[in-house]
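I am opening a notebook on a structure I have not read before. Short entries follow, in the order I looked things up.

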Amino acid sequence: MKQLSIESEGRPVEVLQLILSENGQELSLTGIFDEATDIAVRQFQQAQNLVVDGIVGNKTWAAIYEKAYSFKLKAKSDFLPDHDFIAEYFPKNCLYLHHTAGGARPDWTIAWWRNDNKDKDGNFRRRRVGTAFVIGREGLDGGTTFDGKIYRAFKEAHWAYHLGVNEGHTGHGADHNKQLNQQAIGIEICSYGPLTHDEDTGKFFYEWKTEAGIQRREIPEDQVCTLEQPWRGFTHFQKYTPKQIEACKELILSLSYLFAIPLPERTYTPDWFEIDQDAKDGKPGIWTHANVRPGKSDCFPQPELIDMLNSLHEAAKDFKLIPDDVGFESTETELPDFPVDMRAIQHYTVDLDDAEGE
């Protein structure tokens, strides 16, 4: 967020007024930093033992997002332990879309992150890899309990190493690549991703490697997206569901609004999903993991996803956050410490073992 003070105007001022009003201040959402906003800011600064000057700089923004920000965004909180992410505020300027390469349940993905901090001998290993949000999907059995449901793994003002980039990927050094992770809010969409097609049976499979060899899981044909042209070596993917895409759109619009992340006016095409120098350079906007990592397929150019991306710029113009939206009450049973079915996504963090560059 940019620095604000008396007579500032625009969306960041409106967001400031919204957050402070939700925190008990009586403010109108005018988008103009008026005398009432100045008084509210000074009162907040005094309560947080900050310099009381009415200027909303990085320290005041950090305190606002840490102490006053409380929006649910229709998500269920399933927070990771502190050693699985970095619990410090960093200004955001972009959103990154991923998919899990795993099952339908967002809680399983978070459970994987919660339990992947051990090496092969059972010793603790710090692995702060994850995203703030995970969006569930329809199950392989057609179950819709988690379809379009959003889970929150940590506060979106915080960050984790979700990109796994190094100098070979971006052409930039460690400090720049660390910042790429810090300045982005990550969103995972549950999907097995690229699939193989058995021409003899006509069936589709998700495959992964284990010490015992290649494992396979059949994916129902009605959950398969077949691209007109192969992408990243695959033609078939487990498609993102309509409810996932709609939930992702609303989440993108909400986060863009709350963190003043630009959604540029551009035309998204399948070519956009390839490596992008602007993404590697840390330019603001919305990106996918595939924009900075050549070996990744998240997210793939599904036509419905492209349509959603192309709708964002116009939708953002009139978007208003509903402050009192609430999280949902989930109906799932309690999970074991490590869901066996999630062994299918072990590779998710294997190639990110050195993601922190430390």
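**Terms for strands.** I count two strands as paired if DSSP finds at least two bridges between them. Helices (H or I, at least four residues) and strands (E, at least two) are DSSP runs, numbered from the N terminus.

**What I am reading.** This is a predicted model, where I take local features only at pLDDT of at least 70 and side-chain atom pairs only at pLDDT 80 or more, while totals for chains, interfaces and linings use all residues. Residues are numbered from 1 along each chain as its sequence is written, and side-chain values use heavy atoms, with hydrogens and water left out.

**Overview.** I found 10 helices and 11 strands in the chain. I then looked up burial: buried means under 20% relative accessible area, exposed over 50%, partly exposed in between (1.4 Å probe, protein chains only). Of the 358 residues, 53% count as buried. Next came contacts, meaning heavy atoms within 4.5 Å. Among contacts between residues at least 6 apart in sequence, 71% join residues at least 24 apart.

**The six-stranded sheet.** In what order do the six strands of the open sheet run? I read β1-β4-β3-β5-β2-β11, with mixed pairing. β1 (75-77) and β11 (285-288) stand at the edges. Each has a single partner strand, so one side of each is left without a neighbour in the sheet. Neighbouring strands of this sheet are turned by 25 degrees against each other on average, direction ignored. For such angles, axes are lines fitted to C-alpha atoms (for helices over the stretch in contact), and angles run from 0 to 180 degrees between N-to-C directions.

I followed β1 to its partner. β1 pairs with β4 (residues 150-152) in the parallel sense, over three bridges. Ala 75 stands opposite Ile 150 in β4. A general note to self: strands of a sheet pair through backbone hydrogen bonds, either parallel or antiparallel.

**A hairpin.** I looked for an antiparallel case next. β7 (residues 203-210) and β8 (residues 213-219) pair in that antiparallel sense over seven bridges. Two residues make the hairpin connection from β7 to β8. Phe 205 has Glu 218 in β8 as its bridge partner.

**Cores.** A nonpolar core is a set of buried Ala, Val, Leu, Ile, Met, Phe, Trp, Tyr and Cys residues joined through side-chain atoms within 4.5 Å. The largest one has 88 residues. Those with the most contacts inside it are Tyr 65, Phe 133, Ile 252, Leu 255, Leu 258 and Leu 309. Which helix gives the most to this core? It is α7 (residues 242-259), with 10 residues. A second, separate core has eight residues, including Tyr 192, Trp 208, Ile 219 and Val 224.

**Helix α7.** I gave α7 its own entry. It has 18 residues and reaches 26 Å from its first C-alpha to its last. That is close to the 26 Å expected at 1.5 Å a residue; the expected span is 1.5 Å times one less than the number of residues. Why do I call α7 largely enclosed by the rest of the structure? Because 13 of its 18 residues are buried.

I listed the contacts of Leu 255, leaving aside neighbours within four places in sequence. Among them are Tyr 69, Leu 73, Phe 133, Ile 185 and Ala 260.

**Unusual backbone.** Most residues other than glycine have a negative phi, and most peptide bonds are trans. I noted two exceptions on phi and one cis bond.

- Leu 73 has a positive phi of about 55 degrees. It sits in the loop between α3 (58-68) and β1, and is buried at 4% relative accessible area.
- Ala 260 also has a positive phi of about 55 degrees. It comes just after α7, in the loop leading to α8 (277-281). At 31% relative accessibility, Ala 260 is partly exposed.
- The peptide bond from Asp 298 to Cys 299 is cis, with omega near 5 degrees. Cys 299 lies in the loop between β11 and α9 (303-317).

**Cysteines.** How many disulfides does the structure hold? Zero, by the test of two cysteine sulfur atoms within 2.5 Å. Cys 94 is buried at 1% relative accessibility. Cys 190 is buried too, at 0%.

**Last look: Thr 37.** Thr 37 is in helix α2 (residues 35-47). Is this residue buried or exposed? Thr 37 counts as buried, at 0% relative accessibility. Beyond its neighbours within four places in sequence, it contacts Leu 16, Gln 17, Leu 27 and Ile 32.
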